[in-house]
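Hi,

Here is the structure I promised to pass on. Have a look at it first, and then read on for what turned up in it.

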Amino acid sequence: MSSNAEKKYPAVTAFQRRLNAVVRRLPGQTLLETTGRVSGLPRRTPVGGRRTGDSFWLVSEFGERSQYVRNIRADPRVRVRLRGRWYPGTAHLLPDDDPLARLRRLPRYNSLAVRAMGARTGLLTVRVELEGPGERS
């Protein structure tokens, strides 16, 4: 990660922590639920991305440094809330995927936020293979 990105990381993550506490309560917000690698508790993170068939795609703005990526590495079983329904799935970290090309295929607002907050060199594509019907939240 570049030195500029290193300087940006603490400020952005502090901002996101405060914003996420509010945003994850919004009924239409897409959420990624991982299992805390230390606590074992569910951790819900507002994310942007796009469902394509039985897959949900997103790009992590801080790649391997994102807490939800670290949680996925420890336990790839996740849930994704899309339009008020929870879908269980398995997350796959895709370091060989081109995250900038992937962002061009994701919703524009999300892509702008990832680019603005993240480190262009530290981006990481995540694909969640969704399983079964969603349950109402």
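Before anything else, a term you'll need: a polar contact here is a pair of N or O atoms within 3.5 Å, where one must be able to donate a hydrogen and the other to accept it. Also keep in mind that this is a predicted model.

With that in hand, start at Thr34, which sits in strand S1. Its side chain makes a polar contact with the side chain of Asn71, at 3.1 Å. Is Thr34 buried or exposed? It counts as buried, because its relative accessibility is 2% and the cut-off for buried is under 20%. Leaving out residues up to four places away in sequence, Thr34 touches Leu41, Pro42, Arg43, Tyr68, Asn71, Ile72 and Val78.

Asn71 takes us to helix H2, residues 67–74, whose buried residues are Tyr68, Val69, Asn71 and Ile72. Looking down the axis of H2, these fall within an arc of 160°, so they line one face of the helix. The face turned away from that buried side carries the exposed residues Arg73 and Ala74. What do the buried residues of H2 pack against? The answer is a set of strands: S1, S2, S4, S5, S6 and S7. Ile72 gives a good idea of this, since beyond its neighbours within four places in sequence it is in contact with Leu32, Thr34, Val78, Ala91, Leu93 and Val126.

Ile72 also turns up in the largest nonpolar core, which has 17 residues. It is one of those with the most contacts inside that core, along with Leu32, Phe56, Val80, Val126, Val128 and Leu130. The elements giving two or more residues to this core are S4, H2, S5, S6 and S7. S7 gives the most, with four residues. There is a second, separate core of six residues too, and among them are Trp57, Val59, Leu103 and Leu123.

S7 deserves a closer look. This strand covers residues 124–130 and is mostly covered, with five of its seven residues buried. Which strands does S7 pair with? One is S4 (residues 55–60), antiparallel over six bridges, with Val59 having Thr125 as its bridge partner in S7. Another is S6 (residues 85–94), again antiparallel over six bridges, and here Thr90 stands opposite Glu129.

Glu129 brings us to the charged pairs. Side chains of opposite charge can pair when their charged atoms come close. A search of the whole structure finds seven salt bridges. Glu129 forms one with Arg127, the closest N and O atoms being 2.3 Å apart, and Glu129 is partly exposed at 27% relative accessible area. Arg44 and Glu33 meet in another, at 2.7 Å from N to O. That pair links distant parts of the chain, with Arg44 in strand S2 and Glu33 in strand S1, eleven residues apart. Arg44 is partly exposed at 36%, while Glu33 is buried at 12%. Glu33 and Arg44 also belong to a network of salt bridges with Arg79. Arg77 and Asp75 form a further salt bridge at 2.9 Å; Arg77 is exposed at 58%, whereas Asp75 counts as buried at 15%.

One last arginine: Arg81, in strand S5, counts as buried at 8% relative accessibility. A polar atom of its side chain lies 3.0 Å from the backbone oxygen of Gln29. Arg81 and Thr30 are 51 residues apart in sequence, yet their C-alpha atoms are 5.3 Å apart in space.

Cheers

Definitions and conventions: Residues are numbered from 1 along each chain as its sequence is written. This is a predicted model: local features need pLDDT of at least 70, side-chain atom pairs count only at pLDDT 80 or more; totals for chains, interfaces and linings use all residues. Side-chain values use heavy atoms; hydrogens and water are left out. Buried means under 20% relative accessible area, exposed over 50%, partly exposed in between (1.4 Å probe, protein chains only). Two strands pair if DSSP finds at least two bridges between them. The arc is that of the directions from the helix axis to the C-beta atoms. Contact means heavy atoms within 4.5 Å. A nonpolar core is a set of buried Ala, Val, Leu, Ile, Met, Phe, Trp, Tyr and Cys residues joined through side-chain atoms within 4.5 Å. A salt bridge is a side-chain nitrogen of Lys or Arg within 4 Å of a carboxyl oxygen of Asp or Glu.
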